[in-house]
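Colleague: I should like to learn how to read a model of this kind, feature by feature. May we go through it together?

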Amino acid sequence: MRTPKDFFRPLAVGAPAPLTEIPARPSRAIHFFDPGNPKMAAKVPDMVGSTDVLLGNLEDAVKAENKEAARAGLVKIGQETTNLGGQSGPTQFWTRINALDSPWVLDDLTTIVPAIGDKLDVIMVPKVQEPADIHYVDRILAQLEAKAGLDRPILVHAILETARGMVNIEEICGASPRMQGLSLGPADLAADRRMKTTRVGGGHPGYLVRQDPPDGDVRADRPTYQQDLWHYTISRMVDACAMHGIYPYYGPFGDIADVVACEDQFRNAYLLGCVGAWSLHPRQIAIANKVFSPSVEDVEHARRVIAAMGDGTGAVMLDGKMEDDASVKQCQVMVRLADELAAIDPELKKQYDTIQVDA
Ligand code: GLV
Ligand code: MG
């Protein structure tokens, strides 16, 4: 049995010490690109600074015959793009490796860590089923980091896209001090659960509730209300992540043209506690940046409550509403997030700086 103290010892001689806390780095949009696609790869240098995270995807959506080109492209981008990744750049550099049972994943890890491990912030691991999957990645990363002489650990992010992963979610989140967060993978999860959908994320018109019949007339027209297919899954993910001090993300929204529904799905996730979402097209970066940044009105209200509550205890009336210890804590979450985002987003900082609150 490993003791809690062992948890924070490196898993290989010479590997960097594990972090005791996962830094709260803004990651509203995780923008996916195919590093083996020369057109997409050429755009990467200009995207640094325009999105919180750039993720070179090696897994699904990259054809089997292009897996090696994608891996080589990722290395080239990591080596040649200035200001991308590492602790100080404006844009984090992540990758999604192939699944642990695929023929590519070992070469993914043994190629990218020595070549660009110093630039990579987070490795996203797909189709995670159980803590043993994270233990495997944890150990091999420690060995590769030691060999490469890295001085900070690469963090790990798991995609929640199997029923078994869902059932083991708390243990997965706590499987390693490297665990940075979880993303919902609605497409693979739907398939694995045998849901009867054929979409990549978002709702379904058939998943609804219907108003009761007026005066018992079951043949009368009755309004229906579409429900959120992902409510349970996202809520469960948020709790598991919060419990372990790591970060939850909504994953992909496949209907690129439907920017309105994408914004709705992202906002539901934001309100439930997620910190970001994936972007599959540059237009989704703007949506995620907007949705996952607290509005000026919310930040203004939060600052007013904090100012009115003084030492944060007791209760006050503000605009006819009762505020107390619990509402001030919610307001502190909002203001902390706004401060973190303002530190990396000058446009947002300008907007938040216009807020004036009397102490
Ligand atoms: C993402 O990988 C998904 O399966 O939705
Ligand atoms: Mg998937």
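Colleague: Is D188 buried, partly exposed or exposed?

Modeller: Please keep in mind that this is a predicted model. Burial is read from the relative accessible area, where under 20% is buried and over 50% is exposed. D188 has a relative accessible area of 25%, so D188 is partly exposed.

Colleague: Which residues coordinate the magnesium ion (ligand 2)?

Modeller: To read a metal site, one begins with the donor atoms and their distances. The magnesium ion is coordinated by E161 through OE and by D188 through OD, at 2.1 to 2.2 Å. These two residues come from distant parts of the chain, 27 residues apart. E161 is in the loop between β5 (155–160) and α6 (163–167), while D188 belongs to helix α8 (residues 186–193).

Colleague: Is E161 buried or exposed?

Modeller: E161 has a relative accessible area of 4% and is therefore buried. Its partner at the ion, D188, is partly exposed at 25%.

Colleague: What angles should I have in mind when I inspect a metal site?

Modeller: The ideal angles are 109.5 degrees for four tetrahedral donors, and 90 or 180 degrees for six octahedral ones. In this model, the donors listed for the magnesium ion come from E161 and D188. Water is not among the atoms, so a site may look incomplete.

Colleague: Which residues surround ligand 1?

Modeller: For a ligand, one lists the neighbouring residues and then looks for polar contacts. Ligand 1 is surrounded by R96, E161, G185, P186, A187, D188, P252 and W278. E161 and D188 in this list also coordinate the magnesium ion.

Colleague: Where do the polar contacts of ligand 1 with R96, A187 and D188 fall, on side chain or backbone?

Modeller: R96 uses its side chain, with an N or O atom 3.0 Å from an oxygen atom of ligand 1. A187 offers a backbone N or O atom at 2.8 Å from an oxygen atom of the ligand. D188 likewise presents a backbone N or O atom, at 2.9 Å from a ligand oxygen. Taken alone, ligand 1 exposes 190 Å², and the protein buries 92% of that.

Colleague: Let us turn to the fold. How many strands form the closed barrel, and in which sense do they pair?

Modeller: One follows the pairing from strand to strand until the circuit closes. Here eight strands form a closed barrel in the order β1-β2-β3-β4-β5-β6-β9-β10, with parallel pairing. The twist from one strand to the next averages 25 degrees.

Colleague: With which strand does β1 (residues 29–33) pair, and over how many bridges?

Modeller: Strand β1 pairs with β10 (residues 276–279) in the parallel sense, over three bridges. H31 has S279 of β10 as its bridge partner. Strand β10 also pairs in the parallel sense with β9 (residues 247–250), over two bridges; there, Y250 is matched with A277. Elsewhere in the barrel, β3 (residues 92–96) and β4 (residues 122–125) are joined by three parallel bridges, and W94 stands opposite V122.

Colleague: How are side chains arranged along a regular strand?

Modeller: In a regular strand they alternate between the two faces of the sheet. A residue without a long side chain to follow can still be read by its accessibility: G56 lies in strand β2 and counts as buried, at 0% relative accessibility.

Colleague: Which backbone oxygens does the side chain of T51 reach?

Modeller: A polar side chain in a buried place deserves a search for partners. T51 lies in the loop between α2 (38–47) and β2 (53–57) and counts as buried because its relative accessibility is 1%. A polar atom of its side chain is 3.3 Å from the backbone oxygen of A29, and the side chain also reaches the backbone oxygen of V53 at 3.3 Å.

Colleague: Finally, which sign does phi of A61 have?

Modeller: For residues other than glycine, the sign of phi is worth checking. A61 has a positive phi, near 90 degrees; its place is the loop between β2 and α3 (67–80), and at 79% relative accessibility A61 is exposed. R194 is another such residue, with a positive phi of about 60 degrees. R194 is found in the loop between α8 and β7 (208–210) and counts as exposed, at 66%.

Conventions
Residues numbered from 1 in each chain as written. Chains lettered and ligands numbered in written order. Predicted model: local features only at pLDDT ≥ 70, side-chain atom pairs only at ≥ 80, totals over all residues. Heavy atoms only, no water. Pairing = 2+ DSSP bridges. Helix = DSSP H or I, 4+ residues; strand = E, 2+ residues; numbered from the N terminus. Axes fitted to C-alpha atoms, helices over the stretch in contact; angles between N-to-C directions. Donors = N, O, S within 2.8 Å, 3.2 Å for Na, K, Ca; no water. Buried < 20%, exposed > 50% of the residue type's maximum accessible area, 1.4 Å probe, protein only. Near = heavy atom within 4 Å. Polar contact = N/O pair within 3.5 Å; in protein donor to acceptor, adjacent residues only side chain to side chain. Areas by Shrake-Rupley, 256 points an atom, 1.4 Å probe, with all protein chains shown as cover.
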